[in-house]
Amino acid sequence: MEGIRKIMNHLWFDKEAAEAGEFYLRVFENSRLLSRRMIHGTPSEDAESLILEIENINLLLLSAGPYFQLNPSISLMISCASKDEVLHYWEAFLEGGTIMMPLERYDFSELYGWVSDQFGVSWQIMYTDAHIDAKIRPSLMFAGANFGRAEEAIGFYSKVFGKSEIKTISRYGEKVMPNAPQAINFAELILEGQSFAVMENNQEHLFGFNEAFSFIVNCDTQEEIDHYWDSLSAVPEAEQCGWLKDQFGVSWQITPAVMNDMMQQADPAAIERVTQAFLKMKKFDLAELERAYKGD
């Protein structure tokens, strides 16, 4: 499907995916709707799915019941070239939202704020006068039991993904965090063209990584599916319908890229066959999904 990237950001909602999608399309000028479909016969009954292209990322929004709740452990960081742009996003997300960090000047930015919007999605909005390579990037916060593991995670993901680059690692230092000066306050990691921010926080938080914010890896072959599945999966009980959890608790979906086209097929019977086939799987079997699609 045109516009689909190798790695997609997947947000799980109860019933609000369509409303959230329409909201984000209004907020971001450089955005478009790539697909919208209803998936029938799932454990959540009817599930609505939208794929958006916003700036440099894909967002897949899914309404599939009140099973997982979004939290700030994974947020979306927006780099802005002007303070007016920062204010635009801040005002949009603050309506019905919750302030995580107030919009003001910090050592790392002349204007920065962290807000959770009306749908529970967390956004870090930052002014920068540096060149912007990635307008939006998911940001993973390693806190609680994961504090101190960010550098391990960066190295691990860099090995798993063939096309990877560690662009920068910045540490807190003795003055800021004397008990853990090597802790990472910001790092940028590129995986398959997708920029990720990574940070650590030693404050007490009542949240951590969960399935509400996951990452889809679109794979071209069964060998690629096998590689990512075998490399990333660390929690056997979390394996279901292409989903897995890695050793840090981050959720991934290892998916055949061709499924994006299959699920856009106009024939409802084909969509039903594919849906029923993948609901029985843990790791996806590409050949079996193609047989179901064709009705063989």
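# Notebook: packing in a predicted model

**Entry 1. Q194.** I began with the contacts of Q194: setting aside residues up to four places away in sequence, Q194 touches I7, N9, I57, I136, R137, P138 and L189. I note at the outset that the model is predicted. I then looked up the position of Q194 and found it in strand 12, which covers residues 194–201. The relative accessible area of Q194 is 5%, so I entered the residue as buried.

**Entry 2. I74.** I next turned to I74, which lies in strand 5 (residues 74–80). Is I74 buried or exposed? I74 is buried, at a relative accessible area of 3%. Not counting residues up to four places away in sequence, I listed P138, S139, L140, F209, F213 and F215 as its contacts. P138 is also on the list of residues that Q194 touches. I also checked one pair: I74 and V121 are 47 residues apart along the chain, and their C-alpha atoms are separated by 8.8 Å.

**Entry 3. Helix 1.** For helix 1 (residues 17–27) I recorded A17, A18, A20, G21, F23, Y24 and V27 as buried. What do the buried residues of helix 1 pack against? I found strand 1 (7–13), strand 2 (31–42), strand 3 (45–54), strand 4 (57–63), helix 2 (83–94) and strand 8 (122–127).

**Entry 4. Helix 1 with helix 2.** I followed the helix 2 contact further. The two axes are 11 Å apart and the packing angle is about 160°. An angle over 145° counts as roughly antiparallel, so helix 1 is roughly antiparallel to helix 2. I logged the crossing of these helices as right-handed. Helix 1 contributes F23, Y24 and V27 to the contact, and helix 2 contributes H88, Y89, A92 and F93. By class I have 6 nonpolar residues, 1 polar and no charged ones in this contact.

**Entry 5. Nonpolar cores.** Which residues have the most contacts inside the largest nonpolar core? They are Y24 and F93, in a core of 65 residues. Both residues also appear in the contact of helix 1 with helix 2. I listed what F93 touches, leaving out residues up to four places away in sequence: F23, Y24, V27, F28, I78, V115, S116, D117, Q118, W123 and I125. I also noted a second, separate core of 24 residues, which includes I39, M262, I271 and A277.

**Entry 6. Helix 6 with helix 7.** A277 led me to helix 6 (residues 268–279) and its contact with helix 7 (residues 286–294). The axes of the two helices come within 7 Å and cross at roughly 150°. Helix 6 is therefore roughly antiparallel to helix 7. I recorded this crossing, too, as right-handed. From helix 6 the contact takes A270, R273, V274, A277 and F278, and from helix 7 it takes L289, A292, Y293 and K294. The class count is 7 nonpolar, no polar and 2 charged residues.

**Entry 7. Y157 and helix 3.** I located Y157 in helix 3 (residues 150–160). Its relative accessibility is 5%, so Y157 counts as buried. Beyond its neighbours within four places in sequence, Y157 is in contact with L189, L191, L232, D246, F248, V250 and W252. L189 is also one of the residues that Q194 touches. How far is Y157 from N179 in space? The C-alpha atoms are 26 Å apart, for a separation of 22 residues in sequence.

**Entry 8. Helix 3 with helix 4.** I then examined the packing of helix 3 on helix 4, where the angle is about 160° and the axes are 10 Å apart. Helix 3 is thus roughly antiparallel to helix 4. The crossing is right-handed. F156, Y157 and V160 of helix 3 meet H227, Y228, S231 and L232 of helix 4. I counted 5 nonpolar, 2 polar and no charged residues by class.

**Entry 9. Positive phi.** I closed with backbone angles. Most residues other than glycine have a negative phi. E192, which is not a glycine, has a positive phi of about 50°. I placed E192 in the loop between strand 11 (184–191) and strand 12. C241 likewise has a positive phi, near 50°. I placed C241 in the loop between helix 4 (222–232) and strand 14 (243–245). Is C241 buried or exposed? C241 is buried, with a relative accessible area of 15%.

Methods. Residues are numbered from 1 along each chain as its sequence is written. This is a predicted model: local features need pLDDT of at least 70, side-chain atom pairs count only at pLDDT 80 or more; totals for chains, interfaces and linings use all residues. Side-chain values use heavy atoms; hydrogens and water are left out. Axes are lines fitted to C-alpha atoms, for helices over the stretch in contact, and angles run from 0 to 180 degrees between N-to-C directions. Helices (H or I, at least four residues) and strands (E, at least two) are DSSP runs, numbered from the N terminus. Angles under 35 degrees count as roughly parallel, over 145 as roughly antiparallel, 65 to 115 as roughly perpendicular and the rest as oblique. A crossing is left-handed if the near helix is turned anticlockwise from the far one by less than a right angle, and right-handed if clockwise. Contact means heavy atoms within 4.5 Å. Ala, Val, Leu, Ile, Met, Phe, Trp, Tyr, Cys and Pro count as nonpolar, Asp, Glu, Lys and Arg as charged, and the others, Gly among them, as polar. A nonpolar core is a set of buried Ala, Val, Leu, Ile, Met, Phe, Trp, Tyr and Cys residues joined through side-chain atoms within 4.5 Å. Buried means under 20% relative accessible area, exposed over 50%, partly exposed in between (1.4 Å probe, protein chains only).
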